[in-house]
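Open the model in your viewer and keep the sequence panel beside it. Each stop below gives a selection and what to look for there.

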Amino acid sequence: MGGGFARGIAHLGVLKVLEEEKIPISFVAGTSVGALIGAIYCSGGSVADMEKIASRVRFRDFARWTLSRYGFASNQRMMGFLNSILKVKTFEEMRIPLAVTATDFATGGGVVFHSGSLVDPVRASCAYPGMFLPVNIRGRLLVDGMLAHPVPTRPVRDMGADRVLAVHLRGRWGNSGIPRHLFDVIGQCFAIAQENSYTLWRPWADLVLEPDVNSFKYDDFEQACEMIAAGESAMRAALPEVRKWLVAPAEVAPPENRSLASKLGFSKAQPAETD
């Protein structure tokens with residue numbers, strides 16, 4: 001599940017349809033808001049409960065404006081938010097194995113968390129550069145996972161997944177070409193970079209969903225119902241293809257994208273650093 005700030009609420013619609021259709025989920029990997037939703041879901045949170053939370057959550061619930069040379073807001077409030085919602089507090093207790101991605105600010109390398117406490121890795125994965133302060137974990141400054149893993153297809157493949165469904169929240173940062181403030185400038189630049197990194201993660205996915213969230217702003221939390229519906233619509237359209245996976249195992253019908261990854265040299269790439 002990729003990043004997208006408030007647009008990430010669309011992930012709930014995808015999960016809702018998978019549950020209703022009784023399509024099993026063996027592994028989850030999340031970046032940024034995808035990590036946040038993945039942590040809640042994999043810890044045992046129900047989609048119904050998450051929909052209720054999404055309908056009332058706002059920026060102030062997990063962020064606090066601050067004065068720092070490293071960013072304009074701290075996401076320390078996310079600690080209380082997560083601790084009040086998560087059913088378990090460590091990766092080892094998850095009902096579904098989860099990978100949370102972040103980016104090492106010093107090296108630019110990807111970091112993938114699979115063990116230990118959940119809260120700080122999720123905070124790091126959501127630490128959008130320029131907006132949120134970096135998160136210090138064991139002496140390393142970490143920022144948003146989208147810089148290293150815009151959509152974490154490689155990490156979930158490394159976990160052992162034979163079939164990978166990727167949710168890419170394509171969209172502009174704002175709804176117009178004219179920035180309103182500094183965040184619009186930073187956000188649109190990262191949106192452009194994310195689109196240009198498509199070939200870095202696409203080869204590891206068997207199928208990519210792109211819910212229609214382009215009309216929503218990055219902070220449109222009040223439009224939760226509409227974004228959930230967008231996720232549902234995209235997932236329902238993809239159901240015929242996903243159902244084929246349950247009939248034909250990946251070993252029998254290897255995905256074309258694996259051969260593409262090999263041609264591009266991704267099969268020889270070193271995996272991200274893990275924790």
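The tour runs from the whole chain to single residues.

**Before you start.** This is a predicted model: local features need pLDDT of at least 70, side-chain atom pairs count only at pLDDT 80 or more, and totals for chains, interfaces and linings use all residues. Residues are numbered from 1 along each chain as its sequence is written, and side-chain values use heavy atoms, leaving out hydrogens and water.

**Whole protein.** Colour by secondary structure. The protein has 10 helices and 11 strands. These are DSSP runs numbered from the N terminus: helices are H or I with at least four residues, strands are E with at least two. Of the 275 residues, 53% count as buried. Buried means under 20% relative accessible area, exposed over 50%, and partly exposed in between (1.4 Å probe, protein chains only). Now show the surface. About 12600 Å² is exposed, and carbon and sulfur atoms supply 56% of that area. Accessible areas come from the Shrake-Rupley method with a 1.4 Å probe; for residues, only the protein chains shown count as cover.

**Select 10-20.** This is helix H1, with 8 of its 11 residues buried. Among the buried ones are His11, Leu12, Gly13 and Leu15. What do the buried residues of H1 pack against? Their partners are helices H2 (33-42), H3 (47-56) and H9 (224-247), plus strands S9 (165-167) and S10 (207-209). Just after H1, check Lys22, where phi is positive at about 55°.

**Select Val47.** Val47 lies in helix H3. Val47 counts as buried because its relative accessible area is 4%. Measure to Gly13: the two C-alpha atoms are 8.5 Å apart, across 34 residues of sequence. Neighbours within four places aside, Val47 is in contact with Leu12, Leu15, Lys16, Glu19 and Tyr41. Contact means heavy atoms within 4.5 Å.

**Select 28-31.** This is strand S1. Val28 and Gly30 point one way, Ala29 and Thr31 the other, and all are buried. In a regular strand the side chains alternate between the two faces of the sheet. Add 98-104, strand S4: S1 and S4 pair in the parallel sense over 4 bridges. Two strands pair if DSSP finds at least two bridges between them. Val28 has Leu98 as its bridge partner in S4.

**Find the largest pocket.** Centre on Pro24, Ile25, Phe27, Arg163 and Leu165, which lie nearest its centre among 27 lining residues. On a 1 Å grid over the protein atoms alone, a pocket is an open set of points with protein on both sides within 12 Å along at least five of seven lines; lining residues have an atom within 4 Å of a point. The volume is about 590 Å³. Which element gives the most to the lining? H1 does, with 4 residues. The lining divides into 21 nonpolar, 4 polar and 2 charged residues.

**Two backbone checks.** Most residues other than glycine have a negative phi, and most peptide bonds are trans. Select Phe5, in the segment before H1. Phe5 has a positive phi of about 55°. Phe5 is buried, with a relative accessible area of 12%. Then go to Arg138, in the loop between strands S7 (135-137) and S8 (140-144). Arg138 has a positive phi of about 50°. Arg138 is exposed, with a relative accessible area of 64%.

Key. 1 Å grid on protein atoms, 1.4 Å probe; cavity = no way out; pocket = protein on both sides within 12 Å on 5 of 7 lines; lining within 4 Å. Points joined across faces, edges and corners; volume = space filled by probe spheres on them. Nonpolar A, V, L, I, M, F, W, Y, C, P; charged D, E, K, R; others polar.
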